[in-house]
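Here is a short walk through one protein model, with an eye on how its helices pack and how its charged side chains pair. Have the structure open as you read.

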Amino acid sequence: MIISYLCKVELHDILTGIYPLPKESIDKIESLADKIYVDRNKEIISADRVCHDVFFVAKGIVRAFYYGKGREITFWIGAEGSVAVSMQSYINGRAGYETIETLEDCILFRLDGSVLQSLYTTDIHIANWGRKFAEKEILKTEKNLIPQLFTTGKERYENLLKEQPELLNRISLENIASYIGITPVSLSRIRSEYAKG
């Protein structure tokens, strides 16, 4: 498959989408980031390994999953504009529990997390960006976790239709089912109910 080498989102757009930065700070980060092309179904972060890299998704979709009880459990999906990182490695310098892989051919900007940590100590704007990034990740985790505990599979599917409808055309139903915490059979049943009206 041939990948189009045009980004849907540029690095400065991803950065300022999280927190506004002055041009000088953006330039510092952009000068240290590598633009990479990764085929679909490739791991960019492996479970049980320390990975200091931070990936900014310019084109494509990635997912984070945990392998447990004989199956993969997808707990995060990121499309253009997302940041993919092993939080355990990023914050504690320890091996993470998640694997992050591409679901489409992707264009990513890769930044060494230790370089980013160093920028936090020398540029207050980038330090504020890092704080805002961490805060937003906590809120996203909370937003995904609470519905898993208190809503039905049908309600979670309805929420996905409302908040991220593009995923239904871009990733497999198996990944969608895992992401909303139901079986593929249950997802097929729910989708069939919607098709009937």
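In this predicted model, helix H6 (residues 153–163) packs with helix H9 (residues 184–196) at an angle of about 65°, and their axes are 10 Å apart. The crossing of the two helices is right-handed. On the H6 side, the contact is made by Gly153, Lys154, Tyr157, Glu158 and Leu161, which meet Leu187, Ile190, Arg191, Glu193 and Tyr194 of H9. The residues of this contact divide into five nonpolar, one polar and four charged.

Which residues of H6 are buried? They are Gly153, Arg156, Tyr157 and Leu160. Looking down the axis of H6, you will find these buried residues within an arc of 100°, so they line one face of the helix. Their packing partners are helix H5 (124–150), helix H7 (167–170), helix H8 (173–179) and H9.

Now to the charged side chains. Side chains of opposite charge can pair when their charged atoms come close. In this model the count comes to 13 salt bridges, and the table shows some of them, including the N to O distance for each.

| Pair | Closest N and O atoms |
|---|---|
| Lysine 8 and glutamate 80 | 3.9 Å |
| Aspartate 27 and lysine 23 | 2.8 Å |
| Aspartate 34 and arginine 110 | 3.9 Å |

Lysine 8 lies in the segment before helix H1 (11–18) and glutamate 80 in the loop between S5 and strand S6 (83–84), so this salt bridge ties together parts that are 72 residues apart in sequence. Lysine 8 is exposed, with a relative accessible area of 56%. Lys8 and Glu80 also belong to a network of salt bridges that links them with Glu104 and Arg170.

Aspartate 27 and lysine 23 are four residues apart in helix H2 (residues 23–32), and are therefore separated by about one helical turn. Aspartate 27 is partly exposed at 33% relative accessibility, while lysine 23 is exposed at 57%.

Aspartate 34 sits in strand S1 and arginine 110 in strand S8 (residues 106–112), so their pairing ties together parts that are 76 residues apart in sequence. Both residues are partly exposed, aspartate 34 at 41% and arginine 110 at 29%.

Finally, a look at the backbone. Most residues other than glycine have a negative phi. Asparagine 41, in the loop between strand S1 (34–38) and strand S2 (43–45), has a positive phi of about 65°. Lysine 69, in the loop between strand S4 (62–68) and strand S5 (71–78), has a positive phi of about 55°. Lysine 69 is exposed, with a relative accessible area of 86%.

Technical notes. Residues numbered from 1 in each chain as written. Predicted model: local features only at pLDDT ≥ 70, side-chain atom pairs only at ≥ 80, totals over all residues. Heavy atoms only, no water. Buried < 20%, exposed > 50% of the residue type's maximum accessible area, 1.4 Å probe, protein only. Axes fitted to C-alpha atoms, helices over the stretch in contact; angles between N-to-C directions. Left-handed = near helix turned anticlockwise from the far one by under 90°. Contact = heavy atoms within 4.5 Å. Nonpolar A, V, L, I, M, F, W, Y, C, P; charged D, E, K, R; others polar. Arc of directions from axis to C-beta. Salt bridge = Lys/Arg side-chain N within 4 Å of Asp/Glu carboxyl O.
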